[in-house]
Amino acid sequence: MPVAWFICKYKRRPVPPGGWWKLIRYCAMDDFTSQINADGGRWSETEILNGYAIVKVKASDTTLDTIAGTSGFQRLPKNLLTASLSDLTTAQKNAIRNKLEEIGYSLTEIKDALGNDLGSKTLADVLRFAARRRLKHRLDEATDTVIYDGPEQSVKPIDTVDESVT
Amino acid sequence: MAFPTNTTVLENFNAVDAHPMTGWTDLYEGVDSNGTTGQGSAASAISYRNTLHSDPVEFYLTVTTKPGNGSFLGLHVFTADTVGYTVQIVCASGTDSVALYRIDGPGDSTQLGSTISQEFSNGDGLGLEVTDGTNGIKAYRRSSGTWSQLGTTQNDTNHTGSKRPCIEFGDTTARVDDLCGGTVVAASSTPIYHIMNQ
């Protein structure tokens, strides 16, 4: 069964009644759990900056295509961590770089870590960079928005995600 | 390693009703010490035991009566700062679901991994094992006396150190019994002379 890597965001579920619950977040990939399970597949995620997640999914091609066609999900152009990005088009490499900036990394930090041409890197290089940190979130109750500006938190390593979905 | 390894009964819920229960702290409303259900007209109740247990920890209880459809039952494992991890059953008219969460503050949770489709029956067991490091966070269900892991192991190391159990009711229907567990008991190793004689 094929695998694919995606970047998506965390979403919110309604909190139960009562005074203790304030916020329930979940990885948007969970919206496809039933479909992935029906394929006999699975998925695993790691949270990164600004409420984004890097997710590895094992599912049918049909399901992977459905996920990739859903707003808010970006499928990465390689499926194996060891895959070289040397054959990506400029547009594909720009899309990855733009996503890293959208996630919250500066262009300077991206270039310092990955160089000027992503074509010299592997998918693992890019994903390990993307998962180098995340910040603790908080709920701004006045605006009912989740803000990611707290201290750095530990991040589940990309290799752990990779090993969870084989 | 098999689950559970520590069968110490921490709370048998046989005491005279009191709030909070002896040895417990109420976070929101309070779990009853005799009925173990959400008290009075409160929609939910959440209480934790005061005693902390060294890492790694495991806790489990018997779900005597499931929550009503649309409601939930949670078994949390909290650090001294009341953050940690949770396994939660959400009951449905169809198949119930289970999920693991990281709790980062009062009622601030992030689901770890996917939602697990699993029907529960009255009398089943619900368990949670939390190990700092690579062994991770595991949810368990006991059915007909046999424990099985639910879903996959989740890896999260944001809340480490000693932890204590906490029970949460989402309605006044659910009831639990016999909260057990503590620090995971390491399996005894086979003596070398046994190996040498084999």
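## A walk through chains A and B

Start by selecting chain A: 36% of its 166 residues are buried. Keep in mind as you click around that this is a predicted model.

**Stop 1: all of chain A.** Colour chain A by secondary structure and you should find six helices and seven strands. Trace the chain from its N terminus and the order reads β-β-α-β-β-α-β-α-α-α-β-β-α. Chain A has a radius of gyration of 17 Å, close to the 15 Å that the globule rule gives for 166 residues, so it is as compact as a globular protein of that length. If you like to draw a box, the C-alpha atoms of chain A fill roughly 55 × 40 × 25 Å along the principal axes. Now switch on the contacts: of those in chain A with a separation of 6 or more, 61% are between residues 24 or more positions apart.

**Stop 2: helix H5 of chain A.** Select residues 123-130 of chain A, which form helix H5. Which residues of H5(A) are buried? Show side chains for Leu123(A), Val126(A), Leu127(A) and Ala130(A), and you have them. Next, turn the view to look down the axis of H5(A): the buried residues fall within an arc of 90°, so they line one face of the helix. To see what covers them, add some neighbours from chain A, including strand E1 (3-13) and strand E4 (52-58). Helices H3 (90-103), H4 (107-114) and H6 (158-164) of chain A are also part of that cover.

**Stop 3: all of chain B.** Hide chain A for a moment and show chain B, where the tally is one helix and 13 strands. Where does the helix come in the sequence of chain B? Follow the pattern β-β-β-β-β-β-β-β-β-β-β-β-β-α and you meet it at the end. Of the 198 residues in chain B, 47% are buried. As for contacts in chain B with a separation of 6 or more, residues 24 or more positions apart account for 60%.

**Stop 4: where the chains meet.** Bring chain A back and select the contact, made of 24 residues from chain A and 22 residues from chain B. On the chain B side, strand E2 (24-28) and strand E8 (108-117) are the elements that give two or more residues. E8(B) gives the most, with seven residues. Colour this side of chain B by residue type and you get six nonpolar, 13 polar and three charged.

**Last stop: the strand pair.** Zoom in on strand E2 (residues 23-27) of chain A alongside E8(B): they run parallel, joined by three bridges. To finish, pick Ile24(A) and look across to Ser109(B) in E8(B), which stands opposite.

Notes
Residues are numbered from 1 along each chain as its sequence is written. Chains are lettered from A and ligands numbered from 1 in the order in which they are written. This is a predicted model: local features need pLDDT of at least 70, side-chain atom pairs count only at pLDDT 80 or more; totals for chains, interfaces and linings use all residues. Two residues are in contact if their C-beta atoms, placed from the backbone, lie within 7 Å. Helices (H or I, at least four residues) and strands (E, at least two) are DSSP runs, numbered from the N terminus. Ala, Val, Leu, Ile, Met, Phe, Trp, Tyr, Cys and Pro count as nonpolar, Asp, Glu, Lys and Arg as charged, and the others, Gly among them, as polar. Two strands pair if DSSP finds at least two bridges between them. A residue is buried if 20 or more other C-beta atoms lie within 10 Å of its own, exposed if 12 or fewer, and partly exposed in between; C-beta atoms are placed from the backbone. The arc is that of the directions from the helix axis to the C-beta atoms. The radius of gyration is taken over C-alpha atoms; the globule rule is 2.2 Å times the number of residues to the power 0.38.
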